[in-house]
Amino acid sequence: MCGIVGLFLKDKSLEPRLGELLTDMLITMTDRGPDSAGIAVYGNDNEGRAKLTVQSSDPDADFSDLDGDLGKALDASVSIRVKDTHAVLDLPEDKLPQVRAVLRELRPDLRIMSAGETIEIYKEVGLPEDVAKRFDISALTGTHGIGHTRMATESAVTTLGAHPFSTGADQCLVHNGSLSNHNSLRRELARHGVEVETLNDTEVAAAYLTWKMQTGSTLGEALESGLDDLDGFYTFVVGTKDGFGVVRDPIACKPAVMAETDQYVAFGSEYRALVGLPGIEDARVWEPEPATVYFWKH
């Protein structure tokens, strides 16, 4: 049992409140998963630049002069914004393909949480309220975001095991449920050169979607393929640079509710996650259908 929330903003006037609204939604879901929590937020595109979110168990050492060291190695301008155990590196977009290898040389213990033009991911072990305070999530702005609070069932309670999982540029996924064929899928993905870092079944699902999109599928097509290829019980909420998607397995035993107004589209594992949103009393509220892909795009 885990808790998922998501918020896709149509109304730009709400963008300064994205972090605040997501934080309140996620804290409401605390009892669905007290082990770890995380949020992915998509901000506005800074043309020609990219962001890399990294995590360290020794941030004082790893983040010290990281921007300078990385800038020299890449021969590029790099800036850093530190938030507790995480840091967001801002660098030229054309340097993104080589930055992982460079970081392995400079700071081998750093863990990459996300990479892309707009995405930032913050996740740690602990209650949602504590995780949100550590990273000042309520102050984040952006166009859309998703969050997750985890009750671990199939893998260890660690930072890397927390959701969201990001396996492609500006892509991430959160999951409530359990996949029964993740080990065979992990081997299949490895044969196609797609590596999975953890034992968490959710990362396999994220990597599967990334692989499908790398081979030409749209997100919607990748999610449709997943209905055939991913066995188990699941509700997925997926984020991309400009969109937000939801799909449930054909049985749809994991709870899910959605709400839409002229200002936003919202997702929660339970309706109580949505009750603090502005104008929720006038929203169209529904339960997403089994084996049906929902997607909204800016």
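# A tour of two helices, two pockets and a cavity

The crossing of helices H6 and H7 is left-handed. The model on screen is predicted, and this crossing is the first stop.

**Stop 1: H6 and H7.** Select residues 182–191 for H6 and residues 201–214 for H7. Their axes come within 10 Å and cross at roughly 40°. The two helices are therefore oblique to each other. Now show the side chains. On the H6 side, pick His182, Leu185, Arg186 and Leu189; they meet Asp201, Val204, Ala207, Tyr208 and Trp211 in H7. Sorted by class, this contact has six nonpolar, one polar and two charged residues.

**Stop 2: the largest pocket.** Keep H7 selected and add helix H4 (96–106) and strand E6 (111–116); each of these elements supplies at least two residues of the lining of the largest pocket. The pocket holds about 600 Å³ of space. Which residues lie nearest its centre? Select Arg100, Ser166, Thr167, Gly168 and Glu197 to see them. The whole lining has 28 residues, and by class these are 13 nonpolar, eight polar and seven charged.

**Stop 3: the second largest pocket.** Hide H7 and keep H4 and E6, since the next selection uses them again. About 180 Å³ of space lies in this second largest pocket. To show its lining, select Arg100, Leu103, Arg104, Arg107, Pro108, Leu110, Arg111, Ile112 and Glu197. H4 and E6 each supply at least two of the lining residues, and H4 gives the most, with three. The lining has four nonpolar and five charged residues, and no polar ones. Arg100 and Glu197 are already familiar: they are among the residues nearest the centre of the largest pocket, and they also line this one.

**Stop 4: the largest cavity.** How many cavities of 30 Å³ or more does a search of the whole structure find? There are three. The largest cavity has a volume of about 50 Å³. Two elements give two or more residues to its lining: strand E9 (172–179) and H7. Bring H7 back into view, as the largest share of the lining, four residues, comes from this helix. Then select the full lining: Phe165, Ser166, Thr167, Gln171, Cys172, Leu173, Ala206, Leu209, Thr210, Met213 and Val238. By class, seven of these residues are nonpolar, four are polar and none is charged.

**Last look.** Colour Ser166 and Thr167. Both line the largest cavity, and both are among the residues nearest the centre of the largest pocket.

Technical notes
Residues are numbered from 1 along each chain as its sequence is written. This is a predicted model: local features need pLDDT of at least 70, side-chain atom pairs count only at pLDDT 80 or more; totals for chains, interfaces and linings use all residues. Side-chain values use heavy atoms; hydrogens and water are left out. Axes are lines fitted to C-alpha atoms, for helices over the stretch in contact, and angles run from 0 to 180 degrees between N-to-C directions. Angles under 35 degrees count as roughly parallel, over 145 as roughly antiparallel, 65 to 115 as roughly perpendicular and the rest as oblique. A crossing is left-handed if the near helix is turned anticlockwise from the far one by less than a right angle, and right-handed if clockwise. Contact means heavy atoms within 4.5 Å. Ala, Val, Leu, Ile, Met, Phe, Trp, Tyr, Cys and Pro count as nonpolar, Asp, Glu, Lys and Arg as charged, and the others, Gly among them, as polar. On a 1 Å grid over the protein atoms alone, a cavity is a set of points where a 1.4 Å probe fits but cannot get out, and a pocket is an open set with protein on both sides within 12 Å along at least five of seven lines; lining residues have an atom within 4 Å of a point. Grid points are joined across faces, edges and corners, and a volume is the space filled by probe spheres set on the points.
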